[in-house]
Amino acid sequence: MGRVTERRKVLRIRDGAVSSRPDTLVAEEPLEIRLNGKPLAITMRTPGDDFALAAGFLVSEGVLGGQRDLRNIVYCAGATADGSNTYNVVDVQTAPDVVIPDITLERNVYTTSSCGLCGKASLDAVRTTARWPIADEPPVRVTPELLASLPDRLRAAQRVFDRTGGLHAAALFSEEGELLDVREDVGRHNAVDKLVGRALQNGGLPLSRAILLVSGRASFELAQKAVMAGIPVLAAVSAPSSLAVDLAAETGLTLVGFLRGSSMNVYAGEDRIAVRAAAAQG
């Protein structure tokens, strides 16, 4: 199986001094996801948690809604001409009664580590109907102080980033700020899929009391993945896109961006942020 990191020789230049040394890089390899034996998608990912990645991807596609929908996930043998297993192809077998949405049939989706899903026919095709509307009752309430503490806690949990500097991360926190899970990947969408997939495998969906924190920007796709998993709060250390804000407003998702130090912007769902009334009006 592919390793999470690899070593490469580099020419290092520092203040005019030149030296040759090995450098640690994050590994990137393709993963083909098959659904009941049929090719569905290819994503560039960091090897590891491949079954969770495939399961989480299918949650965001509206195929899987809970643990009982998933029968099995296996690596496909004979993935090369000589019959050896590359561990880069997985087949997801659904339960017999799972209805496969038309959007997932007879199509090949290619995803990259930078942009997430590409080649969607239209924006409407991405707006998959969520299995669970965001329904946190009683509503999740988080303070700005709690949100401000989360990026440092995420950074402290990034084991591979410390060795490579080349990974995105996503983490789930409880509404009290407890770190529930963290995943790393070259693609931020993959890191989220790994989180959601592990939750599905453990019978933890919907994640109706969780906070999702991502290390980069908040794209429409990441907002969609949060909604599909029933997550009420999505926070990002960088900017959201306009479509992410629109989707958050439509679905009731709380969307926080530019979460840096004690500063942040709340773009939607501000009712879950426990700010003082006077401060909110100021």
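Which residues touch the most other members of the largest nonpolar core? Some notes on this, and on the rest of the predicted model, follow.

1. **The main core.** The answer is L205 and L212, within a largest nonpolar core of 52 residues. Leaving out residues up to four places away in sequence, L205 touches V59, W132, V196, A199, L200 and A229. Apart from this core there is another one, made up of 18 residues, with V140, V142, L213 and A235 among them.

2. **Confidence.** Before going further, a word on how far to trust the coordinates. The protein chain has an average pLDDT of 83, and 81% of the residues score at least 70. The stretch to watch is residues 103–126, where pLDDT stays under 50. The model does have 51 contacts beyond four places in sequence for that stretch, but predicted coordinates should not be read in detail where pLDDT is low.

3. **Helix α1.** This helix covers residues 50–60, and 10 of its 11 residues are buried, so the rest of the structure largely encloses it. The buried set is D50, A52, L53, A54, A55, G56, F57, L58, V59 and S60. One of these, V59, is also among the residues that L205 touches. After the helix comes G62, which has a positive phi, near 80°.

4. **D69, a buried acid.** Have a look at the loop between α1 and β5 (70–75), which is where D69 sits. D69 counts as buried because its relative accessibility is 9%, and the cut-off for buried is under 20%. Setting aside neighbours within four places in sequence, D69 is in contact with L64, T94, A95, V98 and R131.

5. **Salt bridges, overall and around D181.** Searching the whole structure turns up 14 salt bridges. Side chains of opposite charge can pair when their charged atoms come close. One such pair is D181 and R183, with 3.1 Å between the closest N and O atoms. Buried or exposed? D181 is buried, at 15% relative accessible area, and R183 also counts as buried, at 17%. The pair belongs to a network of salt bridges that links D49, D181, R183 and R198.

6. **R209 and E175.** Here the side chains meet in a salt bridge at 2.9 Å, N to O. R209 is in the loop between α5 (188–201) and β11 (210–214), while E175 is in the loop between β9 (168–174) and β10 (179–185), so the pair ties together parts that lie 34 residues apart in sequence. R209 is partly exposed, at 27% relative accessible area.

7. **R8 and E6.** Another salt bridge joins R8 to E6, and the closest N and O atoms are 2.7 Å apart. R8 is partly exposed, with 43% relative accessible area, and E6 counts as partly exposed at 21%.

8. **A nonpolar patch on the surface.** L11, I13 and V18 make up this patch, and together they have about 320 Å² of accessible area. V18 belongs to strand β2, residues 17–26. With a relative accessibility of 56%, V18 counts as exposed, the cut-off for that being over 50%.

Technical notes. Residues numbered from 1 in each chain as written. Heavy atoms only, no water. Core = buried A, V, L, I, M, F, W, Y, C linked by side-chain atoms within 4.5 Å. Buried < 20%, exposed > 50% of the residue type's maximum accessible area, 1.4 Å probe, protein only. Contact = heavy atoms within 4.5 Å. pLDDT = per-residue confidence, 0-100. Patch = residues over 30% accessible without salt bridge, like charges linked within 9 Å, V, L, I, M, F, W, Y side chains within 5 Å. Areas by Shrake-Rupley, 256 points an atom, 1.4 Å probe, with all protein chains shown as cover. Salt bridge = Lys/Arg side-chain N within 4 Å of Asp/Glu carboxyl O. Helix = DSSP H or I, 4+ residues; strand = E, 2+ residues; numbered from the N terminus.
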